[in-house]
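Here's a quick note to help you find your way around this one. Have a look at the structure first, then read on.

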Amino acid sequence: MALEAILLWAVIGLIAGWLASAVVGGGYGVVGDIVVGVVGAFLGGFIFRALGTGAPFGGLAGTIFVAFIGAVALLLILRVIRSATVRRA
């Protein structure tokens, strides 16, 4: 993988993770937002493929949008898991 591709993934992950943590709440810092955004990009791609649709618009903005949707879903899943483990303790 080229350095440019890695940097692009990191920038998309940072933007999507930061936007998702701003909407959902409970940010994880810069590195955590990058990880949430990159994992969210994979999750968002899976969600959009499962729905049989693509990004509503093309280019980098569409990629960030799909990653944002996936990051929001990931943060909500993490919130449910965290609240379930807190209730058990």
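The points below cover one helix and the aromatic pairs.

1. Keep in mind that this is a predicted model. A good place to start is helix H1, which runs over residues 3-24 and so counts 22 residues. From first C-alpha to last, H1 reaches 31 Å, close to the 32 Å expected at 1.5 Å a residue.

2. Which residues of H1 are buried? They are Ile12, Gly13, Ala16, Gly17, Ala20, Ser21 and Val24. These residues sit on the same side of H1, because they cover an arc of only 155° around the axis.

3. Now turn H1 around: the face away from its buried side carries the exposed residues Leu3, Glu4, Trp18 and Ala22. Just after H1 comes Gly25, with a positive phi of about 95°.

4. On to the rings, where the structure holds three aromatic pairs. One of them is Trp9 with Phe42, a stacked pair at 5.3 Å centre to centre and 15° between the planes. This pair links distant parts of the chain, with Trp9 in helix H1 and Phe42 in helix H2 (residues 29-50), 33 residues apart.

5. Are these two rings buried or exposed? Trp9 counts as partly exposed because its relative accessibility is 35%. Phe42 has 56%, so Phe42 counts as exposed.

6. Phe57 and Phe65 make a tilted pair, 5.6 Å centre to centre with 50° between the planes. Phe57 is partly exposed at 41% relative accessibility, and Phe65 is partly exposed with a relative accessible area of 28%. Ring pairs also bring in Phe48, linking Phe48, Phe57 and Phe65 into a cluster.

Key: Residues numbered from 1 in each chain as written. Predicted model: local features only at pLDDT ≥ 70, side-chain atom pairs only at ≥ 80, totals over all residues. Heavy atoms only, no water. Helix = DSSP H or I, 4+ residues; strand = E, 2+ residues; numbered from the N terminus. Expected span 1.5 Å × (residues − 1). Buried < 20%, exposed > 50% of the residue type's maximum accessible area, 1.4 Å probe, protein only. Arc of directions from axis to C-beta. Phe/Tyr/Trp six-rings, centres within 6.5 Å; stacked < 30°, edge-to-face > 60°.
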